[in-house]
Each structure stands twice: as C-alpha cells, then as structure tokens.
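Dear colleague,

Please find the structure below, handed over for your use. My notes on charged side chains and cysteines come after it.

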Amino acid sequence: MPIKYDKLFDLLKINNLTMYSLRRDKVIGTETLEKMRKGSGHIDSRSIERLCKYLNCQPGDIMEYVPDEAIERDAAK
C-alpha cells in the first residue's frame, strides 16, 4: 500500500496519546486503526479529517505517499 501512517503513530507518541485514546474519544474505530497500523486497506477521508481535528494537524502530518517499489525494497531487507 503506497500510503503509510508512521507519522501518525509518531505524532501520538509525541503527544503522549495511545491508540486506546483515539478509540476512547471516538475519533476513529478499531478497524480503521488496524488498517493504518498494518498499512492495508483504504481509509475514509472522514477518518483523516477527524484525526486532523483531534490532533490539530494537517493530513501530511499523519500520512505519506511511498511508491510501491520503495515499500517492496524495505520489505526485502
């Protein structure tokens, strides 16, 4: 999947938040968080909007586009 959410999880750590915090505060659901963590599946833009509002950030602060060949190269390491 060419969209990675590593920046989101870094931002959560910086702000002393957890995946549980996002679920507890009803920002996004467990299934969506798992998709983001695993880098699989499509994420609805409304979920991105809610995350940005909750974290007071822009979409580029929580996700990035990585071409498929870079992902495959990293997986082979």
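The notes below deal with the salt bridges and then with the cysteines.

Please bear in mind throughout that this is a predicted model.

Salt bridges

As background, side chains of opposite charge can pair when their charged atoms come close. The count for this structure comes to four salt bridges. Three of them are described here, including how exposed each partner is.

One of the salt bridges joins the side chains of Arg24 and Asp25, with an N to O distance of 3.1 Å. Asp25 has a relative accessibility of 35% and therefore counts as partly exposed. Arg24 is likewise classed as partly exposed, at 46% relative accessibility.

Another salt bridge brings together the side chains of Glu34 and Arg37, at 2.7 Å from N to O. Both residues belong to helix α3, which covers residues 30–38. Because Glu34 and Arg37 are three residues apart in this helix, about one helical turn separates them. The relative accessibility of Glu34 is 27%, so Glu34 counts as partly exposed. For Arg37, the relative accessible area is 47%, and this residue is also partly exposed.

A further salt bridge is formed by Asp44 and Arg46, whose closest N and O atoms lie 2.9 Å apart. The two partners fall into separate classes of exposure: Asp44 is partly exposed, with a relative accessible area of 33%, whereas Arg46 counts as exposed at 51% relative accessibility. The boundary that matters for Arg46 is 50%, since exposed means a relative accessible area over that value.

Cysteines

How many disulfides does a search of the whole structure find? The search finds zero. Cys52 takes part in no disulfide, and the nearest cysteine sulfur to it, that of Cys57, is 4.1 Å away. Cys57 is in no disulfide either, its nearest cysteine sulfur being that of Cys52, at 4.1 Å. The pair is not counted because a disulfide requires the two sulfur atoms to be within 2.5 Å.

Are these two cysteines buried or exposed? Cys52 is buried, with a relative accessible area of 10%. Cys57 is buried as well, and its relative accessible area is 13%. Both are assigned to this class because buried means under 20% relative accessible area.

In short, the model holds four salt bridges and zero disulfides.

With kind regards

Terms used:
Residues numbered from 1 in each chain as written. Predicted model: local features only at pLDDT ≥ 70, side-chain atom pairs only at ≥ 80, totals over all residues. Heavy atoms only, no water. Buried < 20%, exposed > 50% of the residue type's maximum accessible area, 1.4 Å probe, protein only. Helix = DSSP H or I, 4+ residues; strand = E, 2+ residues; numbered from the N terminus.
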